[in-house]
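This report describes how one protein chain is folded, for a reader who has not met the structure before. Please keep the sequence and the model in view while reading.

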Amino acid sequence: MDIIQVASSSPKVSVLIRTTGRPSLLAAINSVRNQRFGQWELIVANASGNPLQPQESDGWSAIDKILEPGRALDRSAAANLLLDACRGQYAIFLDDDDWFLEDHLEKLSH
């Protein structure tokens, strides 16, 4: 499995996204990037079994880690992989076809 790590600061909240490479992934990523609460890390696990194709967008720079296991993962295996990789005091899952309102993490962390 390949792990691509970008950031090194200690987050309070780990946002965990399991993806199969759906086009809606970028909207989910951007909803994390646009949070008013800034102490988060974003980890994406590619559960499709095929390499992720990053889109030309600033949104991809918000990802702290991309987990590429090299095989398809069911929901529970992807969740366990994500939990093993996170460093936050708290963790929250976000589906790749969903998004957070800009105050979501702020409200949950207080």
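Val-15 has Leu-42 as its bridge partner in β3. The model discussed here is a predicted one. The two strands β2 and β3 run parallel and are joined by seven bridges. Between them the chain passes through α1, and the resulting β-α-β crossover from β2 to β3 is right-handed. Val-15 also has a bridge partner in β5, namely Ile-92.

The strand pairings described in this report are set out below.

| Strands | Sense | Bridges |
|---|---|---|
| β2 and β3 | parallel | seven |
| β2 and β5 (residues 90–93) | parallel | four |
| β3 and β4 | parallel | three |

In the pairing of β3 with β4, the bridge partner of Val-44 is Ile-66. Strand β4 covers residues 65–68; Lys-65 and Leu-67 point one way from it, Ile-66 and Glu-68 point the other way, and all are buried. Strand β2 is likewise mostly covered, with six of its seven residues buried.

Is helix α1 enclosed or open? Seven of its nine residues are buried, so α1 is largely enclosed by the rest of the structure. The buried residues of α1 are Leu-25, Leu-26, Ala-28, Ile-29, Asn-30, Ser-31 and Val-32. They pack against β2 and β3.

The interior may be considered next. In soluble globular proteins, nonpolar side chains tend to be buried together. The largest nonpolar core of this model has 21 residues, of which Val-15, Ile-17, Leu-42 and Leu-105 touch the most other members. Two or more residues of this core come from each of β2 (13–19), α1 (25–33) and β3 (40–46). Helix α1 gives the most, with five residues. Apart from this core lies another, of eleven residues, which includes Ala-45, Leu-73, Ala-78 and Ala-85.

Which residues does Leu-42 contact, leaving aside its neighbours within four places in sequence? They are Val-15, Ile-17, Ile-29, Val-32, Ala-62, Ile-63, Asp-64 and Lys-65. Val-15 is thus both a contact of Leu-42 and its bridge partner. Ile-29 and Val-32, also in contact with Leu-42, are among the buried residues of α1. Lys-65, another contact of Leu-42, belongs to β4 and is buried.

The chain as a whole can now be described. Its secondary structure comes to three helices and five strands. Along the sequence these follow the pattern β-β-α-β-β-α-β-α. The radius of gyration is 13 Å, close to the 13 Å that the globule rule gives for 110 residues, so the protein chain is as compact as a globular protein of that length. The C-alpha trace spans about 35 × 25 × 25 Å along its principal axes.

Of the 110 residues of the protein chain, 45% count as buried. The chain exposes about 6200 Å², and carbon and sulfur atoms supply 47% of that area. Among contacts between residues at least 6 apart in sequence, 73% join residues at least 24 apart.

Notes: Residues numbered from 1 in each chain as written. Predicted model: local features only at pLDDT ≥ 70, side-chain atom pairs only at ≥ 80, totals over all residues. Heavy atoms only, no water. Core = buried A, V, L, I, M, F, W, Y, C linked by side-chain atoms within 4.5 Å. Buried < 20%, exposed > 50% of the residue type's maximum accessible area, 1.4 Å probe, protein only. Contact = heavy atoms within 4.5 Å. Pairing = 2+ DSSP bridges. Rg over C-alpha atoms; globule rule 2.2 N^0.38 Å. Areas by Shrake-Rupley, 256 points an atom, 1.4 Å probe, with all protein chains shown as cover. Right-handed = clockwise from strand over helix to strand, strands pointing away.
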